[in-house]
Amino acid sequence: PMAMLGNYAPPSARPALAAMSAVALALAAAIAPYLAMTLRRIDPWWPFALAAIAVMTAALGLFHVDRTLPKSIKIKLPLRSVRQPRQYSPSALVFAAIALTLAIGFQAQVLMSATQLSRVLSKELIEYYMPLFWGAFAAGGVIAAILLKRLDARIAMIAASLAAACGALLGAIATNAQLVLIAHGVAGIAWGVLLTGLFSTALTCGPAGKAGRGAGIVFAALALSAFMRI
């Protein structure tokens, strides 16, 4: 999907589409604890079946879109040009280093979130408060869609990285649940901006028609960092 967005979407639409991807990931992660609680009570056959059906449905939908979207774009794209901020398009090696660094930081934040909550909340309540980070992350994706239309992605990501660091620090030193939850909200919004900026940069990374390279780098970095966390 990310490669298709990079190949077909006009530059003015890419920040919003990158934000949609980040928001979708956040919403999926937010419902994961509740989904896990539900799936514990049913036959294990169902989760595998539902996952297979979802992946197959998405793949068929993408196949259809890939065949029809180029034609519709030629008809529907607006002719007027909109002034956009300069797009940052690093080399593949530099972008891979940026993506891996951010991915490792993101996994560290996710890992710390549960640990920090366990310090101030009972074990039974942790599952109910974990989605707070992901809800804030989704809000950060929406904010990023607005910011990236007006700012260079690098400026937005540098500001968001400072906010994420402040949120992580507050969560580390907080001594009560309220401060930990505020810290997770700040960090979630910041990481929503950061990953949306990363996705948006991936869509502009590389020559025209090769957006798959940037998207592949991002998801390879996320997969590698998740493996390191485990």
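Visitor: How many salt bridges does the count come to in this chain?

Guide: The model is a predicted one. A salt bridge requires a side-chain nitrogen of Lys or Arg within 4 Å of a carboxyl oxygen of Asp or Glu. The side chains of Asp152 and Arg154 meet this condition, at 3.0 Å from N to O. By this rule the count comes to one salt bridge.

Visitor: Is Asp152, a partner in the salt bridge, buried or exposed?

Guide: Side chains of opposite charge can pair when their charged atoms come close. Arg154 has a relative accessibility of 31% and counts as partly exposed. For Asp152 the relative accessible area is 12%. Buried means under 20%, so Asp152 is buried.

Visitor: What secondary structure elements make up the chain, and how many helices are there?

Guide: From the N terminus on, the elements run α-α-α-α-α-α-α-α-α. The chain has zero strands, and its helices number nine.

Visitor: Which helix has the highest mean pLDDT among the elements of the chain?

Guide: For the chain, the mean pLDDT is 83, and 89% of the residues reach 70 or more. Among the elements, helix α1 (residues 2–8) has the lowest mean, 74. Over residues 77–82 the pLDDT is below 50, and this stretch has one contact in the model beyond near neighbours in sequence. The highest mean pLDDT, 92, belongs to residues 153–173, which form helix α7.

Visitor: Which helix gives the most residues to the largest nonpolar core?

Guide: The largest nonpolar core has 39 residues, and those with the most contacts inside it are Phe106, Phe133, Trp134, Phe137, Trp191 and Leu198. At least two residues each come from α2, α4 (92–120), α6 (131–147), α7, α8 (177–204) and α9 (211–229). The most, 10 residues, are given by α8.

Visitor: How many residues are in the second, separate core?

Guide: Ile126, Met130, Ala177 and Val180 are included in this second core. Its size is seven residues.

Visitor: Which residues does Leu198 touch, not counting residues up to four places away in sequence?

Guide: Leu198 is listed with the residues that have the most contacts inside the largest nonpolar core. With residues up to four places away in sequence left out, Leu198 touches Phe95, Ile98, Ala99, Leu102, Met157 and Val218.

Visitor: Is Ser113 buried or exposed?

Guide: Ser113 lies in helix α4. Beyond residues up to four places away in sequence, Ser113 touches Met130, Phe133 and His184. Its relative accessible area is 2%; the cut-off for burial is under 20%, and Ser113 is therefore buried.

Visitor: Which helix supplies the largest share of the nonpolar patch?

Guide: Ile31, Tyr34, Leu125, Tyr128 and Tyr129 form this patch on the surface, with about 470 Å² of accessible area together. Two helices, α2 (14–39) and α5 (123–129), each supply at least two of its residues. The largest share, three residues, comes from α5.

Visitor: Why does Leu125 qualify for a patch by its accessible area?

Guide: Leu125 is located in helix α5. Membership of a patch requires over 30% relative accessible area. Leu125 qualifies on this point because its relative accessible area is 36%.

Visitor: What percentage of the residues of the chain count as buried?

Guide: The chain exposes about 13000 Å², of which carbon and sulfur atoms supply 73%. Among contacts with a separation of 6 or more, residues 24 or more positions apart account for 82%. Of the 230 residues of the chain, the buried portion is 37%.

Key
Residues are numbered from 1 along each chain as its sequence is written. This is a predicted model: local features need pLDDT of at least 70, side-chain atom pairs count only at pLDDT 80 or more; totals for chains, interfaces and linings use all residues. Side-chain values use heavy atoms; hydrogens and water are left out. Patches are made of residues with over 30% relative accessible area and no salt bridge: like charges are joined within 9 Å, nonpolar side chains (Val, Leu, Ile, Met, Phe, Trp, Tyr) within 5 Å. Accessible areas come from the Shrake-Rupley method with a 1.4 Å probe; for residues, only the protein chains shown count as cover. Helices (H or I, at least four residues) and strands (E, at least two) are DSSP runs, numbered from the N terminus. Buried means under 20% relative accessible area, exposed over 50%, partly exposed in between (1.4 Å probe, protein chains only). pLDDT is the predictor's confidence in each residue, from 0 to 100. Contact means heavy atoms within 4.5 Å. A nonpolar core is a set of buried Ala, Val, Leu, Ile, Met, Phe, Trp, Tyr and Cys residues joined through side-chain atoms within 4.5 Å.
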